[in-house]
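Biologist: Walk me through this model, please. I will ask short questions.

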Amino acid sequence: MEGGRVTRLARRRWATAAELLQLVNAEPGITRREAAERLGLSSGAATELVDRLKRLELLNESRAEHTGPGRPTTILEPHEQGPLVLIIGLRASGWELRLSDLAGRLTALTDAPYEDDRPEAVLTTIAAAVAGAVDDAEPRIRCVVVSAAGPVSGTALGQLSARHWLELLDLQRLTAGIPAERRPPLLVGNDATLAGVAEARTGASKDTSVAVHLMVATGIGGVLLLNGEPALGAHGTGGEFGHLPFADPALECTCGSYGCWDLAVDGRALARHRGEPEPADPEDYARRLLDDLESGRSRSGDNRGAVALAAGAFGRGIAGLVNAHDPDVITLGGLGPQLRRTAPEAFDRAYRSGLMTVHQRQPPPVLDSVHGADGPTRGAAYLGIDHITSPAALDRWAGNEPETDTAAR
Ligand SMILES: [Zn+2]
């Protein structure tokens with residue numbers, strides 16, 4: 001097969017370059033000498049490789065502070081004209097565009113609210129902005145990654161429940177405004193999954209073999225990470241821990257099921273415990289209540305009680321995930337850290353009492369995320385950088401041919 005032969009050739013030609021560029025991403029500020037050691041390259045071979053990548057506008061060097069014995073070395077950096085990842089964030093409250101270079105350095109392009117309730121209209125607006133961004137950066141944007149606040153399968157988004165979008169949306173239309181011959185490949189990830197990837201690469205679960213990441217927003221998203229890789233399931237929707245049936249089976253969930261864990265933990269649970277109607281934006285509702293309690297604006301015992309019930313349901317569910325997956329660590333994002341912090345005893349009691357005996361002596365630590373609200377964007381950048389530093393993508397960059405949609409995956 002012609003295609004297979006080209007790919008094998010590209011792999012041979014670009015494998016070491018790909019490893020070097022991935023090292024520049026994983027360890028910002030790495031010197032040429034350290035990189036050569038890490039990849040087992042002679043100093044001559046490293047110089048030759050770096051020179052080749054400089055000519056191709058992939059890398060640049062700056063002088064490193066001279067420390068220790070040996071000749072001075074340089075710091076490896078992404079080239080200022082090098083390839084970029086465009087990140088589309090479909091958040092609960094609005095959408096955003098970010099650019100990432102090979103080192104994962106982010107530039108903000110757009111932050112906008114959803115100005116329409118119809119998903120079609122919103123996707124059309126974003127597609128126009130994406131086409132504009134790709135035009136402006138021509139030909140540097142080599143991959144587009146969507147971070148979406150909803151379940152994802154392939155390039156389809158199952159629902160964006162915070163916006164009451166309950167139908168299946170094909171996100172390929174976000175790049176449909178770009179002429180096919182220069183349309184970059186599109187990758188789509190769930191925001192909680194991507195945040196988990198960011199924690200595993202450079203955050204609170206770095207270097208663990210098994211980790212669980214949980215992100216509380218409207219509902220609870222998450223992912224199981226095995227040696228830093230997300231376990232996505234057979235169709236890409238793995239990690240929807242919020243839809244484990246840990247809550248009252250009489251409660252109906254937007255996912256089509258009953259008794260989901262989401263409903264016992266997020267703003268809907270807090271409203272129910274306070275005797276209030278279901279909030280239109282459960283994430284915002286929960287954030288306000290937690291902020292009020294934390295700042296002392298609210299001293300209501302009923303509010304504290306409501307949060308303690310939700311924090312307890314959160315801790316008990318996490319114990320269930322520990323029993324199921326035996327992780328080294330659990331990391332918390334979104335409103336998770338604040339929910340635990342506001343009712344630490346209720347959380348801890350429920351967590352410990354839900355653990356099987358084998359876990360009780362040394363319960364896995366539950367850590368706040370390092371990347372916080374940036375987690376999904378960081379994870380999306382890592383996904384895109386993995387793609388643009390692949391041997392096949394580097395081959396196309398060197399040939400100055402844009403990687404078209406048909407080449408994706
Ligand atoms: Zn559900």
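Modeller: Helices (H or I, at least four residues) and strands (E, at least two) are DSSP runs, numbered from the N terminus. The model is predicted: local features need pLDDT of at least 70, side-chain atom pairs pLDDT 80 or more, while totals for chains, interfaces and linings use all residues. Numbering runs from 1 along each chain as its sequence is written, and side-chain values use heavy atoms, without hydrogens and water.

Biologist: In which helix is Thr-124 placed?
Modeller: Thr-124 is exposed at 56% relative accessible area (exposed is over 50%, buried under 20%, partly exposed in between; 1.4 Å probe, protein chains only). Its C-alpha atom is 41 Å from that of Gly-315, 191 residues away along the chain. The helix holding Thr-124 spans residues 119-137: helix 4.

Biologist: Which residues does Thr-193 touch, not counting those up to four places away in sequence?
Modeller: Thr-193 sits in helix 5, residues 191-202. Thr-193 is buried, with a relative accessible area of 8%. Beyond four places in sequence, its contacts (heavy atoms within 4.5 Å) are Gly-222, Val-223, Pro-230 and Leu-232.

Biologist: What is the geometry of the zinc ion site?
Modeller: Four protein atoms serve as donors (N, O or S within 2.8 Å of the metal, 3.2 Å for Na, K and Ca; water is not among the atoms, so sites may look incomplete). They are His-243 (ND1), Cys-253 (SG), Cys-255 (SG) and Cys-260 (SG), 2.0 to 2.3 Å from the zinc ion. Angles among the four donor atoms run from 103 to 115°, and four donors qualify if all angles lie between 85 and 135 degrees, so the site is tetrahedral.

Biologist: Is Cys-260 buried or exposed?
Modeller: Cys-260 and His-243 both lie in the loop between strand 13 (229-230) and helix 6 (262-265), so the pair ties together parts 17 residues apart in sequence. His-243 is partly exposed, at 24% relative accessible area. Cys-260, with a relative accessible area of 0%, is buried.

Biologist: How much area do domain 1 and domain 2 bury between them?
Modeller: The bounds, from an automatic or database assignment, are 2-78 for domain 1 and 84-193 + 374-407 for domain 2. Their centres, taken over C-alpha atoms, are 28 Å apart, and each domain gives 15 residues to the contact. Carbon and sulfur atoms carry 68% of the buried area (accessible area lost on being put together, 1.4 Å probe, summed over both parts). The total is about 1400 Å².

Biologist: Which residues of domain 1 lose the most area to domain 2?
Modeller: Three residues together account for 40% of what the domain 1 side buries. They are Trp-14, Asn-25 and Pro-78.

Biologist: How far apart are the closest N and O atoms of Asp-395 and Arg-13?
Modeller: This pair forms a salt bridge (a side-chain nitrogen of Lys or Arg within 4 Å of a carboxyl oxygen of Asp or Glu). The closest N and O atoms are separated by 2.9 Å.

Biologist: Which residue forms a salt bridge with Arg-201?
Modeller: Arg-201 is in helix 5 and its partner in helix 13 (residues 375-388), 185 residues apart. Arg-201 is partly exposed at 26%, and the partner at 30%. The closest N and O atoms are 2.6 Å apart, and the partner is Asp-386.

Biologist: How many salt bridges are there by this rule?
Modeller: One pair is Arg-352 with Asp-348, at 3.2 Å; these two are four residues apart in helix 11 (residues 344-354), about one helical turn. Arg-91, Glu-96, Arg-98 and Asp-111 are linked in a network. The count comes to 23 salt bridges.

Note on methods:
Four donors count as tetrahedral if all angles lie between 85 and 135 degrees; four count as square planar and six as octahedral if opposite donors are over 155 degrees apart and all others between 65 and 115; anything else is irregular. Buried area is the accessible area (1.4 Å probe) that two parts lose on being put together, summed over both.
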